[in-house]
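Grab a coffee and work through these exercises with the model open beside you. Try each one before reading its solution.

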Amino acid sequence: MPEFAFFGRSNVGKSSLINMIVNRKSLVKTGSRPGMTRMINFFLINKIFCLADLPGYGYARRSAAENEAFNRMLAEYANTRKDLKALFFLLI
Ligand SMILES: Nc1nc2c(ncn2[C@@H]2O[C@H](COP(=O)(O)OP(=O)(O)OP(=O)(O)O)[C@@H](O)[C@H]2O)c(=O)[nH]1
Ligand SMILES: [Mg+2]
């Protein structure tokens, strides 16, 4: 399946954007505080393509070691994911 991922600072609105794209209020868990998404969550849409909701980077209340582990997970995902067609980088 072709895959599209959403990347950006914690709390920028990645999870909310996916809900908007698929026109569902709460397919993806969102949060009013940063650090909501802690795993890479995959959503298979109509068995046609896949959206990946990535954890945000730069959440100050995580420990340095935890942030480092998140960064490694994100880098590994971006570098190795075979069917990743586009990585959308959200900035505000
Ligand atoms: N003003 C405004 N707020 C938004 C918008 N999209 C999302 N939000 C709010 O931003 C906050 C964070 O949204 P999330 O979608 O959970 O953010 P995230 O990037 O997934 O955050 P992490 O999972 O922590 O990385 C929530 O309080 C949302 O209601 C938008 O377009 N405008
Ligand atoms: Mg999120």
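A residue counts as buried when its relative accessible area is under 20%, and as exposed when that area is over 50%, with partly exposed in between. Keep in mind that you're working with a predicted model.

**Exercise 1. Work out which residues of α1 are buried and how they sit around the helix axis.**

Step 1: Go through α1 with the 20% cut-off in hand. You should end up with K14, S15, I18, N19 and V22 as the buried ones.

Step 2: Now look down the axis of α1. The buried residues fall within an arc of 145°, so they line one face of the helix.

Step 3: Recall the helix geometry: an α-helix has 3.6 residues a turn, so residues three or four places apart point the same way.

Step 4: Check what that face meets. The buried residues of α1 pack against β1 (3–8), β2, β3 and β4 (84–90).

Step 5: Step just past the helix. N23 follows α1, and its phi is positive, near 60°.

**Exercise 2. Find the protein donors of the magnesium ion (ligand 2) and say which parts of the chain they tie together.**

Step 1: Look for the protein atoms that serve as donors. They are OG of S15 and OG1 of T37, lying 2.0 to 2.2 Å from the ion.

Step 2: Place both residues. S15 belongs to helix α1 (residues 14–22) and T37 to the loop between α1 and β2 (41–45), so the pair ties together parts that are 22 residues apart in sequence.

Step 3: Check accessibility: S15 and T37 are both buried.

**Exercise 3. Describe the largest pocket and its lining.**

Step 1: Start with the volume, which is about 180 Å³.

Step 2: Turn to the 18 lining residues; N11, G13, S15, G31 and M36 are the closest to the centre of the pocket.

Step 3: Sort the lining by type. You get five nonpolar, ten polar and three charged residues.

**Exercise 4. Is L54 buried or exposed, and which residues does it contact?**

Step 1: Locate L54 in the loop between β3 (49–53) and α2 (64–80).

Step 2: Apply the cut-off. L54 has 1% relative accessibility, which is why it counts as buried.

Step 3: Leave aside neighbours within four places in sequence. L54 then contacts A5, F6, F7, K14, T37, I40, L74, Y77 and L87.

Step 4: Take K14 from that list. K14 and L54 are 40 residues apart in sequence, and their C-alpha atoms are 7.8 Å apart in space.

Notes. Residues are numbered from 1 along each chain as its sequence is written. Chains are lettered from A and ligands numbered from 1 in the order in which they are written. This is a predicted model: local features need pLDDT of at least 70, side-chain atom pairs count only at pLDDT 80 or more; totals for chains, interfaces and linings use all residues. Side-chain values use heavy atoms; hydrogens and water are left out. Helices (H or I, at least four residues) and strands (E, at least two) are DSSP runs, numbered from the N terminus. Buried means under 20% relative accessible area, exposed over 50%, partly exposed in between (1.4 Å probe, protein chains only). Contact means heavy atoms within 4.5 Å. Donors are N, O and S atoms within 2.8 Å of the metal (3.2 Å for Na, K and Ca); water is not among the atoms, so sites may look incomplete. On a 1 Å grid over the protein atoms alone, a cavity is a set of points where a 1.4 Å probe fits but cannot get out, and a pocket is an open set with protein on both sides within 12 Å along at least five of seven lines; lining residues have an atom within 4 Å of a point. Grid points are joined across faces, edges and corners, and a volume is the space filled by probe spheres set on the points. Ala, Val, Leu, Ile, Met, Phe, Trp, Tyr, Cys and Pro count as nonpolar, Asp, Glu, Lys and Arg as charged, and the others, Gly among them, as polar. The arc is that of the directions from the helix axis to the C-beta atoms.
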